[in-house]
Amino acid sequence: MTSPSRSLEAMRAGAPLVQCITNYVAMNFAANVLLAAGAAPAMVHDAEESGEFAAVAGALTVNIGTLSPRWVAGMVEAIDGATGAGKPWVLDPVACFATGLRRETTTKLMQLRPTIVRGNASEILAIAGESSSGQGVDAGDSVQAAEAAARKVAQEAGSVVAVTGAVDFVTDGARGVWISGGSPLMPRVTATGCALTCLVGAYAAVVEDPLDATVGALAHFAVAGEMAGDGVSGPGSFSAAFLDALMAVGPESLGAARVRAA
Ligand SMILES: Nc1ncnc2c1ncn2[C@@H]1O[C@H](COP(=O)(O)OP(=O)(O)O)[C@@H](O)[C@H]1O
Ligand SMILES: Cc1ncsc1CCOP(=O)(O)O
Ligand SMILES: [Mg+2]
């Protein structure tokens, strides 16, 4: 296993270019998160160019947060480009249970076999075909309640699946890892999960094992979130402190990340 500290060193050394197809809400914050963490973001989503760009980026991330048929076409082109070039891609199924367009798109994208799926508990339960209590983009279920669903989705899709929340769970269907840390202020800042998905892409670009890559990115967020939560007064100051902490986190602090095998 590549440790989170080693993964962080590799990510910073490589400063990978990550193509992020993310939503209008998340674009700015996610780009800042990648820059602070040490990667290079590019938000490129239209079908006219997304496939071409995916072939040169180190990884692709696809987020369905603000969806339309034209965006779906751009996603499919980009996934074809990434897959053809042997690059990893990460799916963020934002509110995938909420509407017909989201359900159909998620089914279609899952059939294209994402390297990694990163969602909250309600989203992962829904992909597994189970009922969930999610409302809109926010989770209504615990991560623990989605552990079995995550394992099932990972086995069926051949993807690594990450379920995030107060604690995080990552599985490739056989192995399982729990990561704790972070701050209760993280879900009070919009697009924190979307930005994390982009960072998972950055780690996947440079760390060969997608499970190790995912654990590295989640540990980076857990440690930075905990650092940032100390002494801030609310979501506004947390957001700024979190970007600072993403940059300040070093391999030595990731060594202290609370990561344990399931
Ligand atoms: N209550 C919490 N305590 C600590 N960290 C949290 C909490 N809720 C979410 N996080 C962290 O926030 C990040 C985004 O996760 P999450 O809120 O599940 O995503 P989403 O925004 O897609 O619903 C993850 O790093 C997760 O560990
Ligand atoms: C509020 C909102 N609406 C559509 S996408 C989005 C952002 C969701 O971000 P996250 O999934 O990280 O909470
Ligand atoms: Mg989300």
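Begin by selecting strand S7 (residues 167-171) together with S8, which run antiparallel and are joined by five bridges; bear in mind throughout that this is a predicted model. At the end of S7 select Thr171, whose bridge partner in S8 is Gly176, and then step into the hairpin that links the two strands, where four residues lie between them and Gly173 takes a positive phi near 100°.

Keep S8 (residues 176-180) on screen and add S9, with which S8 pairs in the antiparallel sense over four bridges. Two pairs of residues are worth labelling here: Val177 stands opposite Ala261 in S9, and Ile179 stands opposite Val259 in S9. Which residues of S8 belong to the covered face, and which to the uncovered one? Val177 and Ile179 make up the covered face, whereas Gly176, Trp178 and Ser180 make up the uncovered one.

Now widen the selection to the whole sheet, an open one in which nine strands follow the order S2-S1-S3-S4-S5-S6-S7-S8-S9 with mixed pairing. Strand S2 (40-42) and S9 stand at the edges, and because each has a single partner strand, one side of each is left without a neighbour in the sheet. If you fit axes to neighbouring strands of this sheet, they are turned by 20° against each other on average, direction ignored.

From S9 move to helix H1 (residues 4-14) and select Pro4, Ser7, Leu8 and Met11, which are buried. Looking down the axis of H1, you will find these buried residues within an arc of 100°, so they line one face of the helix. To see what they pack against, display H8, H9, helix H11 (251-254) and strand S9 (258-261). Before leaving H1, select the residue that follows the helix, Ala15, which has a positive phi near 35°.

H8 and H9 lead on to ligand 1, since helix H8 (192-206) and helix H9 (210-229) each supply at least two residues of the shell around this ligand. The largest share of that shell, three residues, comes from H8. There are 17 residues around ligand 1, of which Asn120, Thr164, Gly182, Met186 and Gly193 come nearest. Colouring the shell by class gives seven nonpolar residues, eight polar and two charged.

Gly193 can stay selected as you turn to ligand 2, because this residue also belongs to the set surrounding that ligand, along with Thr190, Ala191, Thr192 and Cys194. To complete the selection around ligand 2, add Asn23, Val25, Ala26, Gly65, Thr66, Val94 and Val137. How many residues of the shell around ligand 2 are nonpolar, how many polar and how many charged? Six are nonpolar and six are polar, while the shell has no charged residues.

The last stop is Gly74, which lies in helix H4 (residues 69-84). Is Gly74 buried or exposed? With 21 other C-beta atoms within 10 Å, Gly74 is buried, because the cut-off for that label is 20 or more. Select next the residues in contact with Gly74, leaving aside its neighbours within four places in sequence, and you will have Ile21, His45, Asp46, Ala47 and Ser50. As a final distance to draw, take Gly74 and Pro210, which are 136 residues apart in sequence and, from C-alpha to C-alpha, 24 Å apart in space.

Note on methods: Residues numbered from 1 in each chain as written. Chains lettered and ligands numbered in written order. Predicted model: local features only at pLDDT ≥ 70, side-chain atom pairs only at ≥ 80, totals over all residues. Near = placed C-beta within 6 Å. Nonpolar A, V, L, I, M, F, W, Y, C, P; charged D, E, K, R; others polar. Buried ≥ 20, exposed ≤ 12 C-beta atoms within 10 Å, placed from the backbone. Arc of directions from axis to C-beta. Contact = placed C-beta atoms within 7 Å. Pairing = 2+ DSSP bridges. Axes fitted to C-alpha atoms, helices over the stretch in contact; angles between N-to-C directions.
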